[in-house]
Amino acid sequence: MKRRTTLKMTAALALSSMFGGAALAGSHSADPIVIGAVAPKTGPLAGGAAVTHWPNIRLWAEQVNARGGLNVDGTMRMVEIIEYDDQTNPGETIKAVQRLATQDEADFIIAPFATGLNIAAAPIFARYGYPQISVSNITDQVEDLASKFPNMFFTLGSTSAFASDVVRILSEMRDAGQLTGNRIAMVNVADAFGIELAAAARPLFKEAGFEIVYDTSYPLGTQDLSPVVKAAKDAAPNAFVAWSYPPDTFGLTEQAIIEDLQVEAYYTAVATCFPAFGARFGAQAEGILGAGGVNPDSEAFKEYAAAHEAATGAKPDYWASATTYASLQILEQAIEAVGLDREAVSAHLKEATFTTVLGDISFNENNFNEAFWTVGQWQDGVFRGVAETGREGASSVRVKSGWGS
Amino acid sequence: MDIFLTGLLLGGTYALIAMGLNLQYGVARIMNLANGEMLVAGGFCAFWFYTAGQVSPFLTVAIVAPLAFAANWLIYQVMLRPLVKRAKTRGQLESDSILATFGLSFVAVGLMLAVFGGDYFNYSYLSRPVTFAGENYGLNRVAAFCGAVVICGLLYLWLNQSRAGLSMRAIATAPASARLVGISVGHLAAIAFALGGAVTATGGALISTFLTLDASTGVMFTLKALIIVIMGGVGDVRGTIVAALLLGVVETLVASLIDPGLTLAAAYTLFILILLFRPQGLFGRRQT
Amino acid sequence: MTAAEIRTLILAALALGVAALLPLTGSGYWLGLGLNIAMFTVLATSWALFSGPTHYISLATAAFFGLGTYTVGLGFETLPYWSLVALAGILGAVLAALVGLATLRLSGVYFVIFTLGLAELVRQVITWAQNMSGQKGLYVLTDITEDHIYWQLVGLAALVYLVGWLIGRSRLGFALRIIGDDEEVARHSGIDTARAKVLLFMVPGAVAAITGAMLAPRYVYIEPALAFTPMLSFQVVIMALLGGAGRLWGPLVGVIPFAILWETISSTFPNQTMLLLGVSFLVIVYVLPKGFVGLIDTVRRRLSNREGWT
């Protein structure tokens, strides 16, 4: 099996241009650490992976190699990334992880992209003893999964937390008088993620005293959402909540602008935090709530965002990008602490606290990172976290005041 | 009324998606599964020109259409003509072209991925409401609808008035007899295929003003286009237009009155109903 | 049963026995590849059972496969796994019968398009129903390992071959061969062509649904986009045609090289996978229009011709 050499070469070039030969001589004495990466480059999820997943892996490898590699038991060793495209097909993900484990003999494997692909690959990670620090893997079965796959870690959060924090934010807005009524219009994409979130949110909204005045689903990939938005508008809601995916997140918002949907809170889920979203809707994005968030004012994030843009030519998104990068920082720190023994790394992951771009991260008894961002909002051209489960720097939420066109 | 207009606008979009395939399948007999990729490529060109130089997608068409024409002409001459020559029966040509163009769609996705990257691309163009009878409609959708009307109108006139157009229709109806009256079937089939590609790419440029695309989304458009073409009747412009509008209205009706979750189910139900009661499509002729 | 038939049966049984030994090698990688090959052998062979004689190109494999996967996903909490696999087979056969009754009267290309849309239709209806019922995500957490799934698939493959062999010897098979040669003639000689085609279409429907059910524990998390991927339908068609749909063993000689080719491309050129798969696809269509079976036949004919002259 061929190993990818591009990264090694770029890294070597970057190094030689910076320090000349001395650093090079030192770093080439040891074999590189082989790190596998499997995620979609094609297929339905390729668009999402191209924003949050692949650029961070490249950025991280470039940075690590630029500083001479990882310190493993006193030796500086470069990292070498082997990338595979799983074509958004769980069968391919499984095969690629197996290939990395047995043919490429990777030292570590970066967790795949998306819930379904992560969970499909979990048995293979477990079988070969690789720690799986998953990011874009949002589920409510953390307990079951962690007990079955003890090396699987969860960084981005849980379904119920995302649903309950949206309900909480809206309740707070209502209590503060920002929402002048109880009426919620809720729609969801009829895909696993949308169905799960809608099912979790429905009882929570009722419990919090909200009335769901419009509740429907639409097929994945639907971009003609005018009937959905029109019907939502006719229900005269105070808040609009959509458990949506990338193409329809854009479609819903475009239609809401055209229909002039007047609500005091407007929420779309995945991809609201993408820079492309802000770029497309500009000032009209102001006040839109979405899944995720970061603290864009923290020094760590600013530095990361600048490096991301310099290395990949694109801005990171305001949610999973930073978490993906953080997951690699966690892996890096664990390797430097205990070396390449995967058992030891997994054990270390369960115990230690890691310093990342998001702040400190540690895992609970279910391998679950309890402190994460859940809701963000576009404010003055930046997507700011407004709700979290233990992160610092949340901004206060604002009312969505029209579409300013 | 409002539902009807929204449905018509959606139908206009569908007509843009399907019209090119109708030419390719109806006249050139190529069931082109790479049709959606051509659409995405057209959309990407519009995106690129708009973000790089603020060129209106409606002007970009002037560049996209000839480029797509040339590319599709080449594809036909190099790849598809051997299949046409090899095929002994229409059935064999159909299965061969399905397989070949499916492979071609892979190649196209791979190329677009290499050129554009895998990211979503979208931009905001004419994303303003226009008010008609008290309801709002997206200006970009209305503009694309007008584009569809212009394209369909031109095609219809050309096919019915010009000599080349008449020959095209002769091929669509009876290729063997067309050859007998001195029509160069091979040459015209290549033109029809290329023209179909140009129309599809133009449609892609227009719909990219309101749809979010990425390198891998082509297949969804191919599917829709196939359904519309088959529903309307192969080789008939009017059939495709009627089928596209019908589908748009039915989907909007179902979404507004029943449940948006069932729009595609409704589309397929309509499809199968038409096939059961009029197997040749709305405007198609019975094949002999 | 003739002596030649008995010999074929024994050989086939031996081949199956050898295939079943693969998990004992203990290599997860080769097992994964073998599992892939077993899965596509089952799907492509059952596909060719119907499409070979009738010349209908069915792109419905993903629809049945997803139906099976979802049968397990939705029923996993309430029913034992084994009953769900059987249930998936029944549902697949029923769906195939319904589709067959509605569409097999249509001429070839309409059937192709309808089957292509069927996966999308079934997916819509299932996710819509799931949404309405308020059921959350579907997790199939079991103790079933890749070894078990592999053995199940090999067993299913044996069953498919057996069914194919029996059909070939039966009146149905005879009727189908006539239909394949000329449907008009078949109808005139008193064969109920619609009934024969519907019956036969139920075989790939049931088999694909069972395959989907068997693979559900491997995917663990059941998502519509992954269960109903249209790619699967095309892969099956290509592999079957690469082998040759006219013979029972034809698809197998397509599946094995194609699975290996796919694996080689995915592992060697991770950034150009789609591009190269497309190119190899085209090469197959242009260079091997009749599949490996056709190639083998041609070579055989040439060899025997040469012998005849010398």
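## Chain B

Of the 288 residues in chain B, 60% are counted as buried. Please keep in mind as you read that this is a predicted model. The radius of gyration of chain B is 18 Å, which agrees with the value near 19 Å that a compact globule of 288 residues would have. Measured out along the principal axes, its C-alpha trace covers about 55 × 45 × 35 Å.

Chain B contains eleven helices and two strands. If you follow the sequence, the order is α-α-α-α-β-β-α-α-α-α-α-α-α, with the two strands coming after four helices. Contacts in chain B often link distant parts of the sequence: among those between residues at least 6 apart, 76% join residues at least 24 apart.

## Chain A as a whole

Now to chain A, which has 15 helices and 16 strands. Its radius of gyration is 22 Å, close to the 22 Å from the globule rule for 405 residues, so chain A is as compact as a globular protein of that length. A box of roughly 70 × 45 × 35 Å along the principal axes holds its C-alpha atoms.

Buried residues account for 62% of the 405 in chain A. As for its contacts with a separation of 6 or more, 68% are between residues 24 or more positions apart.

## Strand β1 of chain A and its neighbours

Let us zoom in on strand β1 of chain A, residues 33–39. Five of its seven residues are buried, so the strand is largely enclosed by the rest of the structure.

Which strands pair with β1(A)? One is β4(A), residues 79–85, which runs parallel to β1(A) and is joined to it by seven bridges. Within this pairing, V38(A) has Y84(A) as its bridge partner. Another is β5(A), residues 108–110, also paired in the parallel sense, over three bridges. Here I35(A) stands opposite F108(A).

## Where chain C touches chain A

The contact between these two chains draws on 33 residues of chain C and 41 residues of chain A. On the chain C side, six helices each supply at least two residues: α2 (28–54), α5 (108–133), α9 (193–219), α10 (224–227), α12 (250–268) and α13 (273–287). The largest share comes from α5(C), with five residues.

What is the chemical character of the chain C residues that touch chain A? They divide into 13 nonpolar, 16 polar and four charged residues.

Terms used:
Residues numbered from 1 in each chain as written. Chains lettered and ligands numbered in written order. Predicted model: local features only at pLDDT ≥ 70, side-chain atom pairs only at ≥ 80, totals over all residues. Rg over C-alpha atoms; globule rule 2.2 N^0.38 Å. Buried ≥ 20, exposed ≤ 12 C-beta atoms within 10 Å, placed from the backbone. Contact = placed C-beta atoms within 7 Å. Nonpolar A, V, L, I, M, F, W, Y, C, P; charged D, E, K, R; others polar. Pairing = 2+ DSSP bridges.
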